[in-house]
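Me: I'd like a close look at one part of this model, the place where two helices pack together. Could you walk me through it, and then show me what else the fold offers?

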Amino acid sequence: MNNLSTLLNCWRISNDSMNWVLGTVYKTEGSAYRKAGAHMLINESGKYYGLLSGGCLESDIVLHARKIMQTGEAKTLIYDSLDEDDITYKNGLGCGGKIHVLLQNITAPNTVILEQIISSLRRRVGGILQQDISSNFMSFEERAMVKPRLSFIKTTNKQDYLISFVSVDPHILIFGGGVDAIPLVRYAKMLGWYVSLVDPRPANGRLERFPEADFLGKKIDDNLLKYAVKSGVRGAVIMGHSIKLDCESFIFLQKLSLEYVGLLGPKKRFQEIRRLTNIKKKDLKNPVFGPAGFDIGGSLPESIALSIISQCHEKFYRPEREGNM
């Protein structure tokens, strides 16, 4: 997983007394696998977390990172896959574009900054990360940040800074703990998402079936509503295989403002649930996809989960353009 929260947690666990470098894509030209704001953490033993390319640049980035650990100075690198003298061109790698990478030593002040980011993400807040492109300096301002936004370079007093928006990992709420929910939970966790699952039925939603879930609930009530609001649920999937449970879940979700609601089953099931709940399509508070998921021609639980998680991913990760900070 390459989301920032996962990288920082890996760094924190193995931090100890090791030297570390933060690698960041600060600009791209043409086609590039990762965009500005992508991060990578490298330690003095050469172990790294995260990717700044499709895997073709990381070994060279690690070499440069270990060198600047000795000098203590920040460094910028440029990888140009169209330049015949560049490493990416010689190896026949790259996406046909140019990637600008910033390497910064994790100094004592920067350790404090990264700890602040970890704390903020755990509290599901987020904020704005500012990195000086010519030094090890970085700063973080906590500010509620839910949806990803594009990073950009800001010039202040003739000095360039990369401005990145640190957003919390998406939180998805799943209603229904049958066997077909297992791959959906697994895929969401592979992406680094926060996953909650609710099913009032005793035989469903068991811990042994969903050990990766962050929260397992049995009641659809006011406490669940408070939890969903506080923890920042952004999307939901209704897959209870019970018209009663699906209707109850559908009504509950009208109390939340969400970016995605997926309803398992054919169109006629969506129509039946709206009829039984007496909720007209024009009165829906959230966009509902029924049937849930893209049509990828699959019929097995894994294929259906893939189609749903892809559709949900599109709603979560289509970034907003830079704007007022």
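Reply: Happy to! One term helps at the start: a crossing counts as right-handed if the near helix is turned clockwise from the far one by less than a right angle, and as left-handed if anticlockwise. Please keep in mind that this is a predicted model.

In that sense, the crossing of H7 and H8 is right-handed. Helix H7 covers residues 243–253 and helix H8 covers residues 267–277; their axes lie 10 Å apart and make an angle of about 70 degrees. Angles of 65 to 115 degrees count as roughly perpendicular, so H7 and H8 are roughly perpendicular to each other.

Now for the residues that meet there. H7 brings Ile-243, Asp-246, Cys-247, Phe-250 and Ile-251, while H8 answers with Arg-269, Phe-270, Glu-272, Ile-273, Arg-274, Leu-276 and Thr-277. Sorted by class, this contact holds seven nonpolar residues, four charged ones and one polar one.

Elsewhere in the model there is an open sheet of five strands, paired antiparallel in the order S3-S2-S1-S5-S4. Strand S3 (48–49) and strand S4 (75–80) form the edges, each pairing on one side only. Within the sheet, strand S1 (residues 20–29) and strand S2 (residues 39–43) run antiparallel and are joined by five bridges. Leu-22 stands opposite Leu-41 in S2.

Two helices lie across these strands. Helix H1 (residues 4–13) lies across S1, S2 and S3, at about 10 degrees to S2. Helix H2 (residues 58–71) lies across S1, S2, S3, S4 and strand S5 (98–105), and runs at about 55 degrees to S2.

Terms used: Residues are numbered from 1 along each chain as its sequence is written. This is a predicted model: local features need pLDDT of at least 70, side-chain atom pairs count only at pLDDT 80 or more; totals for chains, interfaces and linings use all residues. Side-chain values use heavy atoms; hydrogens and water are left out. Axes are lines fitted to C-alpha atoms, for helices over the stretch in contact, and angles run from 0 to 180 degrees between N-to-C directions. Helices (H or I, at least four residues) and strands (E, at least two) are DSSP runs, numbered from the N terminus. Angles under 35 degrees count as roughly parallel, over 145 as roughly antiparallel, 65 to 115 as roughly perpendicular and the rest as oblique. Contact means heavy atoms within 4.5 Å. Ala, Val, Leu, Ile, Met, Phe, Trp, Tyr, Cys and Pro count as nonpolar, Asp, Glu, Lys and Arg as charged, and the others, Gly among them, as polar. Two strands pair if DSSP finds at least two bridges between them.
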